[in-house]
Every structure is written in C-alpha cells, then in structure tokens.
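User: Please take me through this model and justify each term against its definition.

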Amino acid sequence: MSLSQEQMQALYRNLVRADHFNRMMYRRMMQGKLIGFYHPAEGAIAPGVAACTFLNQDDNLSPHHRGHGITHMLSKGIDIKYYLAEHTGKETGCCQGRSAFHFSFPEHKVYMMSGFIGYNFAPSVGWGLAAKRRQQGQVVMNCSGDGSYGQGRAHEALLMAENWKLPIIFFCENNGMSIFSEASEMHPVADISSMAKAYDMNAVICDGQDVFAVAEAVLPAIERARAGEGPTFVEAKTLRFNEHDIGTPDLAGWEARSDEVHADMRDREPVAIATKRVLAEGVLSQDDIDRLNEEALAEIEAVEEFADNSEIARPSEASLLADVFAPGEAV
Ligand SMILES: Cc1ncc(C[n+]2csc(CCOP(=O)(O)OP(=O)(O)O)c2C)c(N)n1
Ligand SMILES: [Mg+2]
C-alpha cells in the first residue's frame, strides 16, 4: 500500500514530537527531575509513532516501556502533560502522582501500563474478546519488545487470539536486545514473527527505522482487525541507541557495545531517514519542518511548566487504600 500525503505529514509530525519528548525526558532524568527510571527511546521512536497515529480514541493500547510509551501515547492523542506530572509525583498526574510510570489513561483505553514485561498479553486477549463481541470495529494494539516473547503468556495470547480471530495487533518492537542479552542468544529464530506464524497468524516484518514502512505494515493490520478478519503480528526491526535505562552499563553479553556498533546504528536514525524522504517527495518543505520542530518545542515547554508548577502529591493513608484492589479480606 502507499500512504497519502496527509498520512505522511501526520506521521512526520508525531515523529518530530516523539523525538523532542524523548530528549526532554533524557535531559530531565540527568537533571534529577524525574522519579525512578527512564528507558530512553533514541533510535526507536518510529515503530510507536506508526503503530498509534491512526488509532481511534476507543481502541485499546498497551504501549511498550521503551520511552515509557510516550511516543505511542502522543501519537494516539493523549496529552503528555498528565504523564509528565505523574512521573514527577504531582497531584495533577494521570494517577494523582502515585504511580511514576505504572499508569492508566482510561478515557483513551490505556490501562495499567507496567514495567512487568509481558503484563499486557492476557488483558489484550480479554480486550480483544470484548471488542469482538461489541462489534463496533475497535482494535487492540499490543506493543512489546522482543524480550517478552520468551514468556509463556505471550504464546497463550497468540494461540487464543488466532483461535478466536480477535481484533488484536501484536506489535513487536524488536531491537535485538533485552537489557544486556542479545536476541540471538535468547531465541532460536531470527524473526520473532515466525513464532506467530506457527500459530497460523498473519505476520509481517518491516523496517522499524522507517516510520512510513512501519505504517504501511500497520495500516492493513488495523483494517483487517476492524473488518473482523482476526489478529496480525507486526514485527518492526529497530535499534536501541542508548543503554537499556539511564545509568545501566551498555553491554552486549559481558562486553561493552563497540564504537562501530554505535556508529552503524546512528546511520539508521529515524528522523533523518524520514526527513530525507519528505523533502525528496515534496511532502513537506524545509519551512514546514522548521515550524513542526518549533511547535514541538513549544508543546514541551508547556508540558514541563504544567508538571513543574503542579503540587507534589501527598496522599493521605485513606486515599492510598481507596485505590488498592486485591482479593481477600479488607485490611
Ligand atoms: C516479568 C519481568 N521480568 C524481567 C524484567 C526485567 N526487565 C526489564 S526490561 C527487560 C528487557 C525487555 O526487553 P524487550 O522486551 O526486548 O524490550 P527493550 O527493553 O529491549 O525495548 C527485562 C528483562 C521485568 N521488568 N519484568
Ligand atoms: Mg528488546
């Protein structure tokens, strides 16, 4: 399929926003202005943008933890100021500052985003089943890394989704790494999508450094799901430019990743790749691109101002317990 000019413009705009948001998060982590961790997304922003730019508000999304899902959420239309307020422990955050990066945006069908790898597989099957029964054309975008496909629950989800022809997109952002472990040491197959094929699932592979190529793979998958034709596995081959999370050594196995590896990766920078194409095809002019960058920086300034000027969350004991759901006796 080929993308329209409007689709390419929308993708490019979100790519630029995602790039600036990721830089802002990196900077704030180094400034001590975030609570907990940050898993930088440099080099890996194109998959999330392409997976989420064309979702509807009532489609389910479980974002990938890389970049803390900001790329995915801003592309879906979520206002990131409530995320940043959350990650800075402010009362105005999407979960009143209680969660850091384990959060929900129920009105956008983002629930219980979690650092637990593979947390989303079982719920995705449930959301998919609900969407199929409702018959309103909703889809479920299940994002995860290559690392999670070593888990049993990932395979149970693939099996059930294909069995029941659920409207789920299993979107795998394969950067070939899980913290220090290379995918080649963790999986007997080179393509994670070949595991989905074993369940007879429709599966495609795309270049995760090229936002347009990923969108060309994702859009037919969304269409199939909306039409009731069942799940698709989309594998975006991408890269992780930085260490796993800020402050962790950048190793592959026992060795530091070499300068050559880093230089090769930098040649595949997604904004540079997209910029070359939009200029060459006249989809955007240099002036348009400058304006989009200025708009993204202004948006980020406002987001940071909102988070920084919000009250720190100081929940009472009673309000903490009010948000806890657990089986068994009340404490
Ligand atoms: C259930 C579980 N096991 C282990 C971890 C520790 N952990 C955090 S991120 C990660 C690697 C994830 O790799 P991948 O899914 O490929 O995503 P990437 O970080 O490469 O983007 C691991 C093992 C975890 N958070 N949850
Ligand atoms: Mg990975």
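Analyst: Strands β2 (140-145) and β4 (177-178) each supply at least two residues of the shell around ligand 1. Helices (H or I, at least four residues) and strands (E, at least two) are DSSP runs, numbered from the N terminus. This is a predicted model, in which local features need pLDDT of at least 70 and side-chain atom pairs count only at pLDDT 80 or more, while totals for chains, interfaces and linings use all residues. Residues are numbered from 1 along each chain as its sequence is written, and chains are lettered from A and ligands numbered from 1 in the order in which they are written.

User: What makes a residue part of the surroundings of ligand 1, and which are the closest?

Analyst: The C-beta atom, placed from the backbone, must lie within 6 Å of the molecule. By that test 16 residues surround ligand 1, and the closest are Arg66, Ile117, Gly145, Gly147 and Ser178. Their classes come to 4 nonpolar, 9 polar and 3 charged residues, where Ala, Val, Leu, Ile, Met, Phe, Trp, Tyr, Cys and Pro count as nonpolar, Asp, Glu, Lys and Arg as charged, and the others, Gly among them, as polar.

User: Why is Ala41 classed as it is, buried or exposed?

Analyst: A residue is buried if 20 or more other C-beta atoms lie within 10 Å of its own, exposed if 12 or fewer, and partly exposed in between. Ala41 has 32 such atoms and is therefore buried. Ala41 sits in the loop between α1 and α2 (46-52). Beyond four places in sequence, Ala41 touches Asn22, Arg66, Gly67 and Thr71, a contact being two C-beta atoms, placed from the backbone, within 7 Å.

User: How do Gln96 and Gln135 fare under that definition of burial?

Analyst: Gln96, in the loop between α4 and α5 (121-134), has 17 C-beta neighbours inside 10 Å, so it counts as partly exposed. Gln135, in the loop between α5 and β2, has 8 and is therefore exposed. Gln96 has a positive phi of about 55° although it is not a glycine, and Gln135 likewise has a positive phi of about 55°.

User: What makes a set of residues a nonpolar core, and which members of the largest one touch the most others?

Analyst: The set must consist of buried Ala, Val, Leu, Ile, Met, Phe, Trp, Tyr and Cys residues joined through C-beta atoms within 7 Å. The largest such core has 82 residues, of which Leu15, Met141, Ile169, Val211 and Val218 touch the most other members. Helix α1 (residues 5-30) gives the most to this core, with 10 residues. Beyond its sequence neighbours within four places, Ile169 has contacts that include Val139, Met141, Val218 and Pro231.

User: How do you know whether the length of α12 agrees with its residue count?

Analyst: The expected span is 1.5 Å times one less than the number of residues. For the 24 residues of α12 (residues 286-309) this gives 34 Å, and the end C-alpha atoms are 35 Å apart, which agrees. The buried residues of α12 are Ala296, Val303 and Ala307, and their cover includes α1 and α4 (81-87).

User: Why can the protein be called as compact as a globular protein of its length?

Analyst: The globule rule is 2.2 Å times the number of residues to the power 0.38, set against a radius of gyration taken over C-alpha atoms. For 331 residues the rule gives 20 Å and the radius of gyration is 20 Å, so the description holds. The protein has 13 helices and 9 strands, and 44% of its residues count as buried.
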